[in-house]
Structures are given as structure tokens and as C-alpha cells.
Amino acid sequence: MIPELAHKFMTADQLPLLKQAIIREVKDSPLRINLMELGFLPGKIICLHHVAPASGPMAFLLEETILALRKNEASLLEVQLL
Amino acid sequence: MSDPIKSTAIKSPKVAIIGNPNVGKSTIFNQLTGLNQKIGNYPGVTVDKKTGVMNHEGSTYQLIDLPGTYSLYPNSEDEIIAHRVLNQQSEIEKPEYVLMVIDSLQLSRGLFLASQLIDLGLNLALVLNMSDLAEKKKIDIKGFELFKALGVPILHTDARASKGLDQIKDLIHQRNFAKPMEFLKVSEYLDPALLIDVKEKFGLATDYQAYQLLRFGLKDRGLSPEKRTWIADKLASISVNLEAAQLEETKLRYRKITEIIEKVVIKKDAIPPTTNKLDKAFLHPVFGYVIFGAILLLIFQAIFAWASVPMDMIDGFFAQMAGWASSNLPEGVLTSLIAEGIIPGIGGVVIFIPQIAMLFGFLAILEDTGYMSRVVFMMDRWMKPFGLHGKSIVPLVSGVACAIPGVMAARNIGNWKEKIITIMVTPLMSCSARLPVYIILIGLVVPDEMLFGFFNLQALALLGLYVLGVVGVLFTSFGLKSILKTTEKSYLMVELPSYRTPRWKDVLMTMYSKSYTFVTEAGKVILAISIILWVLASYGPPAQMDAIRAERDQQIEQAQSPEEIEIIEVEASSRLLESSFIGIMGHAIEPAIRPLGYDWKIGIALITSFAAREVFVSTIATIYSIEGDPEDDLTIREKLNSQINPNTGEKTFNLPTAFSLMVFYAFAMQCMSTLAIVYRETKGWKWPLIQTVYMTILAYVSALITYQILS
């Protein structure tokens, strides 16, 4: 990993609102395949669209769709801010 | 009209329609088939099987509307069905052609499923729907390039505006489907040698079919046990990680699709991401919930106001029919069975239709506008700690009107445990059938006075009962959460679709199909229980029953006026009920219900109202020999107020007993229609029985505590 880019790596649940990020990896988990079939794949660009109150689900914009995930599922997506 | 399905069953080709959720697939199906639709069942699952007939230029086609799915990986019952039908394991359901609907804005996700269909070796055509939205967003899809890349015929449509539907009809009519080359060879992620015997055993044409069957066959309970054992043995004999192969397959597929999309999609200008204005309001941390509450209030207002009219008409109609039957058919057991058992039994099923249809109509509107998934999004956080899912909110709020549509709506919850918990607790929400019981009893014991000059005491008591229902739901689901075990991981992955105006035709179709399912599936059980209850209430030890009847007839003969005859008849029917088998049962359970403050007369009402809670009122009217219109609250109230409990010497319906009864009705199952629908939705008697037992215990204990504290 290049040091000066390090701060830009995070998991999707830590993304700031309306900032685009690219998915680098989907962590191994029983839910990995479910995320991938929805289109959460390495190389895709996502952006946090909305967060439900009290650390509720997070809605991400992926291509033209808004998809809601729980914080736990979002933390499976390793992303890099653009 | 002749039934086109039967007359041309052999010749008319079958076309399956498939697509991701929210792509307008059902709109296309509805527009192609019109009202020529049938709703049936797939064996082993609760998914509705929607088939229809399309007539075009003198030919007929059978259309199957498959449930929406993102892939052929079967995660939910819906997806298992898509998997089963398309893998062609069942000869009856095997479609000759497959029409896949893709949202033009979600091309890559749509193509993922499309590429799987290609590899199954299906005769395929693609419909790129919602072309209007794509145009608005300045996305241009080159259909011909896509055709060249996939080898599958492509159509552009805008189904909401009915654009392109004639082309779909022509395409089907001209059999313009294609079976292209494999999209992704199985050999790229799995050794095809492993699949040779699978192909042989099941008579499959392609490697991908064999791989799908091996990977997911065990999830499909529609397969014969022999085949399932074979698959299990085969899986045990190989040492390949099929899950890893599936991940690899997913990656490779999307990689190829991305390459194709780069060639066929032209985005004219990229629009920076912004938050939708409507979402700002509907998902607001405070106003979002306020708006949701207001919408619910509006819906319930509408249901209570509008459903009561057809419900009263149905009620009146069946009462008249029963009256007509008993006065016009020859006197005897059969007539009495028809007039007092079967006709009210059918009436008891039909009476629910207005509520079910209206509730599902509203739910369909909320769903179709895209609002419902926002509610799921907002509520998930609050449901999760109780072992429920964001999607449980729909059944629970439906339960305030009626538990039946609520339980039916639980079907959308994918996780088994969360679905069962939701079904188990939904009947604890105070439904509209409890209202007559609450209103009579509150009117009896709670003074119509103001507290602090502001709160009406009776209204407060009623509100308290609704709150009690919600508390019961949370308490029970929390308990079930720790009891039920599952290896399934709970997750939330829902699409928040763009806001759109609802398609009224689809809303009407939903109202029709849900009511139809209820009547045909639950109706049988409800009718059966009604007849059993009728037998128990009309028969007893013959000697006693005959004696009462003889005495009645004798008294009637000596009577002077019609009023006197009415009094005699009312009193006789009270005594007949007391001597019937149900009456005997009421006496028998008295020791058990005495600590709750009830006498045997209430015991009888508890048993008869197992059919439906509102029966409590009419039974009470019969057993206390209340003359006149039993629907008139005031007559009943006066009569009940004067009843003395022989055990205590006090008023039967004093404050402790009335509250104990209301708490009992808040929690007890007391609704055979709910029981029947739970039986249907869980495919067996295990869960409805567990539910009845736990709710009865909960009701008993809570009523006991209430009575002991208040008295």
C-alpha cells in the first residue's frame, strides 16, 4: 500500500456522505456472494446516499440504484475514496 | 367463454417472464395477459404461481410470471422457484421460451442474470424496460451492439406508458428467441469432468445446468428424496469447494459484463450524486417517522371508514341467506347445518375480503411508489434488537387492521427465523375484530368522564389496550429471538427504488390475487372449524335437549302474545346453548377460569369466540337471553350490568372481570382465520399450534394477574 494513500482506505460504513469511492475488495463472509450478485464488486464506484437514524442502515448509490445495507454488511466492503 | 388454457393446452407454447425485482416485470405480464390470469401454488413453498394466457393474431400462449430475482443463486423461496422452473427439473412447468425484463438503468445487474440464463441453454429474448428513464438520465444503450455481444434478440420498451408492448407480442408470436453460445464456460471456474455423471443422471443438456443443480439442488424441496440423496452423496464424494467456484463465477461474469457495457452504453454526461428532495423529507430522522405515522393513520381511517360498508353488507346478506334457508328449506338437521353452520361459515370467510383487499391495495400503492422500502430502511434499526427485521414492520402495522393480511405479508422476509417470529407475534397487535369486545366492556366499567378535563377515560382505556398489544409483540419476539435457533445470517439488502406514481392496474391485480388466495386457501379450514363449532353448539345429550325443546313448545302454545313467544324462545335458546356440548365444556372449564373472574357463561363465550373474537358479543347476547337486536350495544350493556356472578355474589361484569376479559382478548389467539392463514404460510400445523398454545397461556396468565391486582 502506498503510504500517502493509506488514509483514503476504509470500509464503506466509514464513508462520508455523498463522496464517491471505489470498491477494492469484498471481505470474506457468508454474505459476500449476496453483495456481489447485487453488483457490489471490486472496481465499482459507490457513494453513501443516506444513513438511517441511530446507526441504522446505510443507503449507497451504486451505478443508478440506491441499495440499503446494514452497517455490518457495509463494513464488508473495502473502499478507497476518489 | 371457453377456457383457452384447457382447449389449447397441448399446442400453446409456454413463455416464462423473469427479471430483477422492481423492473416492471409484473406490469408487462399484466398488460400481455389482461385478466386472463390464474393464481396457483408451487409445491413445497408459499410463492404464488402466476400464469396467464396471451392471445395474439389467433394464437394463444401460456405465460408464467416468475418471482423477481437478482441471480439464479437461490437465497429465498422466490429465487428457489425461479431456479426450479428455469432449470427445467419439472416437466409441467418447463417453459419453451424465456423473456427477460431488464431495467435500462441497471443494465449490468440485469445482464448478470441474463448471462446465467444464456448458460442454462434457454431460448431467450431480452426486454430493456424503462427506456424513458434512461433517456431522461441521458443514458444511451446501443441495442444492436448488445445483440451482437450476447446473441440474444433485444427490445426497448416503456411498459408504464404501454410503449413497445405490441413488439413484445410480435416477438413472442414470431418465436423470435435465440439460444446463443455459452456466455461463460463452466471450465473457467470448475472442472467440467465433475459434472458428467450429473448431466447423465438428470438428463441435462448444459454444464451450467449440472453445476447449478449440484450446487443448489439440495435447497429445493421440490426435488424427489431419491434425487436429493444422490446429490448429497455426490457432494460428499468430491473435494472441490463449490462456494469458491461460485465466487469465481460471479467475478468472471461481472468482468465480462463490464467489458460489454463499456461498448454498448453511452453516458452523455455524468450527473454528480445528490440527495433526492423527497428522500430528505421521507428519511428525515424526525419528520420521516412523523410522515410514516401520518400515512398509517390515514390508511387505518380509510380502512375503518370504507371497509365497514361492504362488511356490513356482507354480514346482512349472509344473515338474510341464513334466514331464508331456515324458513324455506324443509326443517331438519341438514337445513340447520346449512343455515347455522355452512352459510355463517362462508360468511365468516367472505367478511374479511374488504379489509384484506383494501389493506393490500394500500400496501401495493406504498410498495409501487417506492415508499415501502424507505420504511423498511428507517425501521430496521428499531426492529433488529427484538429479533425482527425491517421488513417485519409491514405485517405488524397491517395487524392493526387484521392479522390475516399481516401474516400473508410476512412472506417477503427472507430469513426463516425473522419470518417465523413475525408471524408468531403479528396476531398480538390489536386488530379491528377486538374492537367490539373492547367497546362493550369499556362502556360497561369505565366511566365516560374526563381526566384533567382533557383525556377521556374510555379513550385512554382503549389506547392502553392497543399499547398492551405492542408491548406483547416486543416482549414475545424478544423471547422467541433467544429460543429459536438458525444458522442463517440476518441481513438487510434492499433497493430503494426511484419514486414513481403507482400503476393502478397492478394495484387492483394485487388486491384481487391476495383476496383470492385467502378465500381458496384459508377458507377451507375456516369452514371446517365453523361446522365443528356449530355441531358442538347445537347438539348435546339428547334427553336434556329434547326436554328443553318440549317445554319450549308447550310454553309457546300457551303464550298469549308474540312478545311472550319471543321471550320464551330467547330463554329456550339460552338453555339449549347451556346444555349443548359447548355449554358442557363451558361448565367444565369454569374451575380454570374462576381465578380470572369469569363464570361458566363467559366460559361458553370464550369457546365459541374461538371462531372469531367478535362472536363473543353475540354469544353473550344468547347466553344472557338478551332480546332484540344483539348488535345494539345499549341493550347488551344494560342486561350485562344487571348480571350477578353466582360464585361471588357481585356483579359479573365488574371492573376487575371486564379488564381481565379485555386483557385476555388482547392476547388470546381466538381467531380461526388467523390460524388457517398461519397454517398456509408455514406449510404445516406445527407453528399454528405452538402459536395458539403460547397465546392462550400468555392471555391466561396476563388476565389472571390483571384480575388479582384489580380485585
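**Two chains and a buried helix**

B:Thr657 sits in helix α30 of chain B, which covers residues 655-667; helices here are DSSP runs of H or I with at least four residues, strands are runs of E with at least two, and both are numbered from the N terminus. The model is a predicted one, so local features need pLDDT of at least 70 and side-chain atom pairs count only at pLDDT 80 or more, while totals for chains, interfaces and linings use all residues. Residues are numbered from 1 along each chain as its sequence is written, chains are lettered from A and ligands numbered from 1 in the order in which they are written, and side-chain values use heavy atoms, with hydrogens and water left out.

Back to the helix. B:Thr657 is buried, at a relative accessible area of 2%; buried means under 20%, exposed means over 50%, and partly exposed is in between, with a 1.4 Å probe and protein chains only. Setting aside residues up to four places away in sequence, B:Thr657 touches B:Gly597, B:Tyr598, B:Ile602, B:Thr652 and B:Tyr707, where contact means heavy atoms within 4.5 Å. Helix α30 also holds B:Ser660, which is buried too, with a relative accessibility of 0%. Beyond its neighbours within four places in sequence, B:Ser660 has contacts with B:Leu596, B:Tyr598, B:Ala703, B:Thr706 and B:Tyr707. For a sense of scale, the C-alpha atoms of B:Thr657 and B:Leu242 are separated by 63 Å, and the two residues are 415 apart along the chain.

Now for chain B as a whole. Its secondary structure adds up to 32 helices and 12 strands, and its C-alpha trace spans about 95 × 60 × 55 Å along the principal axes. The domain assignment splits chain B into domain 1 (14-174), domain 2 (186-267), domain 3 (282-432 + 456-483) and domain 4 (515-710); such bounds come from an automatic or database assignment. Between the C-alpha centres of domain 2 and domain 4 of chain B there are 58 Å. Of the 711 residues in chain B, 54% are buried. Among contacts in chain B with a separation of 6 or more, 73% are between residues 24 or more positions apart.

A loop residue gives another view of chain B. B:Asn22 lies between β1 (14-19) and α2 (25-33), and is partly exposed, with a relative accessible area of 41%. Not counting residues up to four places away in sequence, B:Asn22 touches B:Asp103, B:Met130, B:Glu495 and B:Pro497. From B:Asn22 to B:Gly347 the C-alpha distance is 37 Å, with their positions 325 residues apart in sequence.

Chain A is next. It has two helices and six strands, arranged along the sequence as β-β-α-β-β-β-α-β. The radius of gyration of chain A is 12 Å, close to the 12 Å from the globule rule for 82 residues, so chain A is as compact as a globular protein of that length; the radius is taken over C-alpha atoms, and the rule is 2.2 Å times the number of residues to the power 0.38. Along the principal axes, the C-alpha trace of chain A spans about 35 × 25 × 25 Å. Buried residues account for 57% of the 82 residues in chain A. Within chain A, 56% of the contacts with a separation of 6 or more link residues 24 or more positions apart.
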